[in-house]
Every structure is written in C-alpha cells, then in structure tokens.
Amino acid sequence: MTVRHLDALFQPRSVAVVGASSRAGSIGAMVWARVLDGAFDGPVWPVNPKYRELNGHVVVADVDRLPAPPSVAVICTPPATWAGIVRKLGELGTRVAVIVGEART
C-alpha cells in the first residue's frame, strides 16, 4: 500500500459529493451538509442527476460533467454504482475516493 495520495485526502483542493441530496436522513444529505459546514474554502461540487441546485451550488448530473477533477470525491450512492463511479473518477484524475455507505451482501 502506498501513501502517496494522502496529501489529497488531508489537504484537498476541491471536493465532489457524489449522491449529494436534500432528502432528510439520507447519507448524501448528511455528507453534503458536513462538507458545507466544514469551512472548506475550495470548490465543492454536488453530483446528482435529480437536482439542479443544492444550497446555492449548481448540481452536476454526472462525474463526467465536473468542471475539473476533484482531488477528493465522497461517494454516497448505492453499492451497485460504486465501481463505475470510481472508474470514471480515476479516468478524470481524481486522487482520492471515499465511499460512505453500506455494502449489502
């Protein structure tokens, strides 16, 4: 295991929340709120095809449409989508992806 990308995790330049939501109690809503409350001063991008705007931020429908590769992406989507999202993020050049969710077997 390498630690070469830990700087991107602990000192990100930009953050995307994939699955950001306004649905009360959802993982996407909780993570999105924490990102906004965290006083991060870099670009933050919500990603979700169901919304156009969240908390004054334009929502991007898919990671393919992000304005730049985020240094950190927090994925809050169903387990079946994780591999495809991580692949797309890797192709974009995202250095860190964190999955927040529950894998069901």
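This briefing describes the fold of a single chain, from its overall form to selected residues. The model is predicted. The chain contains three helices and six strands, and four of the strands form an open sheet with parallel pairing, in the order 2-1-5-6. Two right-handed β-α-β units belong to the fold: one is made by strand 1, helix 2 and strand 2, and another by strand 5, helix 3 and strand 6.

**Overall form**

- Read from the N terminus, the elements follow the pattern α-β-α-β-β-β-β-α-β.
- The radius of gyration of the chain is 13 Å, which agrees with the value near 13 Å that a compact globule of 105 residues would have.
- Along the principal axes, the C-alpha atoms occupy a box of roughly 40 × 35 × 25 Å.
- Of the 105 residues in the chain, 37% are buried.
- Among contacts with a separation of 6 or more, 59% join residues that are 24 or more positions apart.
- The exposed surface of the chain amounts to about 6,700 Å², and carbon and sulfur atoms contribute 55% of that area.

**The sheet**

- The order of the four strands in the open sheet is 2-1-5-6, and their pairing is parallel.
- Strand 2 (44–47) and strand 6 are the edge strands; each has a single partner strand, so one side of each has no neighbour in the sheet.
- From one strand to the next, the twist averages 15°.
- Helix 3 packs on this sheet and touches strand 1 (15–18), strand 5 and strand 6, while its direction makes about 170° with that of strand 5.
- In general, the strands of a sheet pair through backbone hydrogen bonds, in either a parallel or an antiparallel manner.

**Strand pairs within the sheet**

- Strand 1 pairs with strand 2 in the parallel sense over four bridges, and Val 18 has Val 47 in strand 2 as its bridge partner.
- Strand 1 also pairs with strand 5 in the parallel sense, again over four bridges; here Val 17 stands opposite Val 74 in strand 5.
- Strand 5 (residues 72–75) and strand 6 (residues 96–99) are likewise joined in the parallel sense over four bridges, with Ala 97 in strand 6 serving as the bridge partner of Ala 73.
- Strand 1 is covered on both faces: Val 15 and Val 17 are buried on one side, and Ala 16 and Val 18 are buried on the other.

**The helices that link the strands**

- Helix 2 is the helical part of the right-handed β-α-β unit that also includes strand 1 and strand 2.
- The buried residues in helix 2 (residues 27–37) are Gly 28, Ala 29, Val 31, Trp 32 and Val 35.
- In an α-helix, residues three or four places apart point the same way, because there are 3.6 residues a turn.
- The cover over the buried residues of helix 2 includes strand 1, strand 2, strand 3 (53–54), strand 4 (57–58) and strand 5.
- After helix 2 comes Ala 39, which has a positive phi near 65°.
- Helix 3 (residues 79–92) takes the corresponding place in the right-handed β-α-β unit with strand 5 and strand 6.

**A buried residue: Ser 14**

- Ser 14 is located in the loop between helix 1 (6–10) and strand 1.
- The relative accessible area of Ser 14 is 6%, so this residue counts as buried, the cut-off being under 20%.
- Leaving aside residues up to four places away in sequence, Ser 14 touches Phe 40, Pro 43, Trp 45, Pro 69, Pro 70, Ser 71 and Val 72.

**An exposed residue: Val 58**

- Val 58 belongs to strand 4.
- With a relative accessible area of 64%, Val 58 counts as exposed, a term that applies over 50%.
- Leaving aside residues up to four places away in sequence, Val 58 touches Pro 46 and Arg 52.
- Val 58 and Arg 95 are 37 residues apart along the chain, and their C-alpha atoms are separated by 23 Å.

Definitions and conventions. Residues numbered from 1 in each chain as written. Predicted model: local features only at pLDDT ≥ 70, side-chain atom pairs only at ≥ 80, totals over all residues. Heavy atoms only, no water. Pairing = 2+ DSSP bridges. Right-handed = clockwise from strand over helix to strand, strands pointing away. Axes fitted to C-alpha atoms, helices over the stretch in contact; angles between N-to-C directions. Contact = heavy atoms within 4.5 Å. Rg over C-alpha atoms; globule rule 2.2 N^0.38 Å. Buried < 20%, exposed > 50% of the residue type's maximum accessible area, 1.4 Å probe, protein only. Areas by Shrake-Rupley, 256 points an atom, 1.4 Å probe, with all protein chains shown as cover.
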